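Me: Could you walk me through this protein? I'd like to ask things one at a time and see how you get to each reply.

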Amino acid sequence: MAASTSIPITILIVDDNQHMRGILKELLRAAGVSDIKEASDPLEAFEYMKSSLIDLLLVDLSMPLMDGVEFIRMVRTNENSPNHFLPIIMITGHSERSRVNAARDAGVNEFLVKPVTAKGLMERLSLIVNRPRNFVKSKQYFGPDRRRRPDPNFSGEERRKDLQAKA
């Protein structure tokens, strides 16, 4: 059943699988998102982002020309990126810790494992909207703060406040 009100955001789905793009579009439409764009590869998406305002990216991890992690790094750090602070949800069928860490270290905001459910997608969207994380810039990293909560066992110097980037 479609939502009664439209959510005024533009979402770009970046996935080489047309069927997966269709599933994501239908889930988003059911949630009330009506402005949904598609790209079949990261380079097409990057060019589209240069000419259109995008509020959120949904990016597949495994794509042939450039994988999702490389694309996220390009969005976050390339000098020609139109929006370094763009919220990004990584979608993948590969949930191994190394892949999750690679996406996190590239600057992804949220991670969603296939099979994608409406509930899982809405939870990630809600986190981005209702609990946005500050961005951090250091020599090795630019993206949302990778820490989700304070670590009571952390004993090092607290440097996050000095590294937070302004959107």
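Me: How far apart, N to O, do the side chains of Asp-60 and Lys-114 come in their salt bridge?
Reply: Keep in mind that this is a predicted model. Side chains of opposite charge can pair when their charged atoms come close. Here the pair links distant parts of the chain, with Asp-60 in strand β3 and Lys-114 in the loop between β5 and α5, 54 residues apart. Even so, their side chains meet in a salt bridge, and the N to O distance is 3.2 Å.

Me: Is Asp-60 buried or exposed?
Reply: The cut-off for buried is under 20% relative accessible area. Asp-60 has 5%, so it falls under that cut-off. Its partner Lys-114 has 27% and counts as partly exposed. Asp-60 itself, then, is buried.

Me: Which residue forms a salt bridge with Arg-124?
Reply: Arg-124 has a relative accessible area of 19%, so it counts as buried, the cut-off being under 20%. Its partner is partly exposed, at 39%. The closest N and O atoms of the two are 3.8 Å apart, and that partner is Glu-123.

Me: How many salt bridges does the structure hold?
Reply: Another one joins Lys-37 to Asp-35, with the closest N and O atoms 2.9 Å apart. Both of its ends are partly exposed, Lys-37 at 27% and Asp-35 at 29%. Counting over the structure, the number of salt bridges is 10.

Me: What span should helix α5 have at 1.5 Å a residue?
Reply: Helix α5 covers residues 118-130, which makes 13 residues. The expected span is 1.5 Å times one less than that number. The end C-alpha atoms of α5 lie 18 Å apart in the model, and this agrees with the expected 18 Å.

Me: Within what arc do the buried residues of α5 fall?
Reply: The buried ones in α5 are Gly-120, Leu-121, Arg-124, Leu-125 and Ile-128. Look down the axis of α5 and you see these buried residues line one face of the helix, because they fall within an arc of 130°.

Me: Which exposed residues does α5 carry on the face turned away from its buried side?
Reply: First, picture what sits over the buried side: the cover includes α1, β3, β4 and β5. The face of α5 turned away from there carries exposed residues, and these are Lys-119, Val-129 and Asn-130.

Me: At about what angle does α5 run to β5?
Reply: Helix α5 lies across β3, β4 and β5. Another helix, α1, lies across β1, β2, β3 and β4, running at about 165° to β2. For α5 and β5, the angle is about 180°.

Me: Which are the edge strands of the open sheet?
Reply: The open sheet has 5 strands with parallel pairing, in the order β2-β1-β3-β4-β5. From one strand to the next, the twist averages 20°. An edge strand pairs on one side only, and that picks out β2 and β5.

Me: Which residue in β4 does Val-59 stand opposite?
Reply: Strands β3 and β4 pair in the parallel sense over 4 bridges. Within β4, the residue opposite Val-59 is Met-90.

Me: Which residues point the other way from Ile-88, Met-90 and Thr-92 in β4?
Reply: In a regular strand the side chains alternate between the two faces of the sheet. β4 is mostly covered, with 5 of its 5 residues buried. Ile-88, Met-90 and Thr-92 point one way, and the residues pointing the other way are Ile-89 and Ile-91.

Me: What share of the 167 residues in the protein is buried?
Reply: The protein has 6 helices and 8 strands, and along the sequence they follow the pattern β-α-β-α-β-α-β-α-β-α-β-β-α-β. Among contacts between residues at least 6 apart in sequence, 64% join residues at least 24 apart. As for burial, the share of buried residues is 41%.

How values were computed. Residues are numbered from 1 along each chain as its sequence is written. This is a predicted model: local features need pLDDT of at least 70, side-chain atom pairs count only at pLDDT 80 or more; totals for chains, interfaces and linings use all residues. Side-chain values use heavy atoms; hydrogens and water are left out. Helices (H or I, at least four residues) and strands (E, at least two) are DSSP runs, numbered from the N terminus. Buried means under 20% relative accessible area, exposed over 50%, partly exposed in between (1.4 Å probe, protein chains only). The arc is that of the directions from the helix axis to the C-beta atoms. Contact means heavy atoms within 4.5 Å. Two strands pair if DSSP finds at least two bridges between them. Axes are lines fitted to C-alpha atoms, for helices over the stretch in contact, and angles run from 0 to 180 degrees between N-to-C directions. A salt bridge is a side-chain nitrogen of Lys or Arg within 4 Å of a carboxyl oxygen of Asp or Glu.
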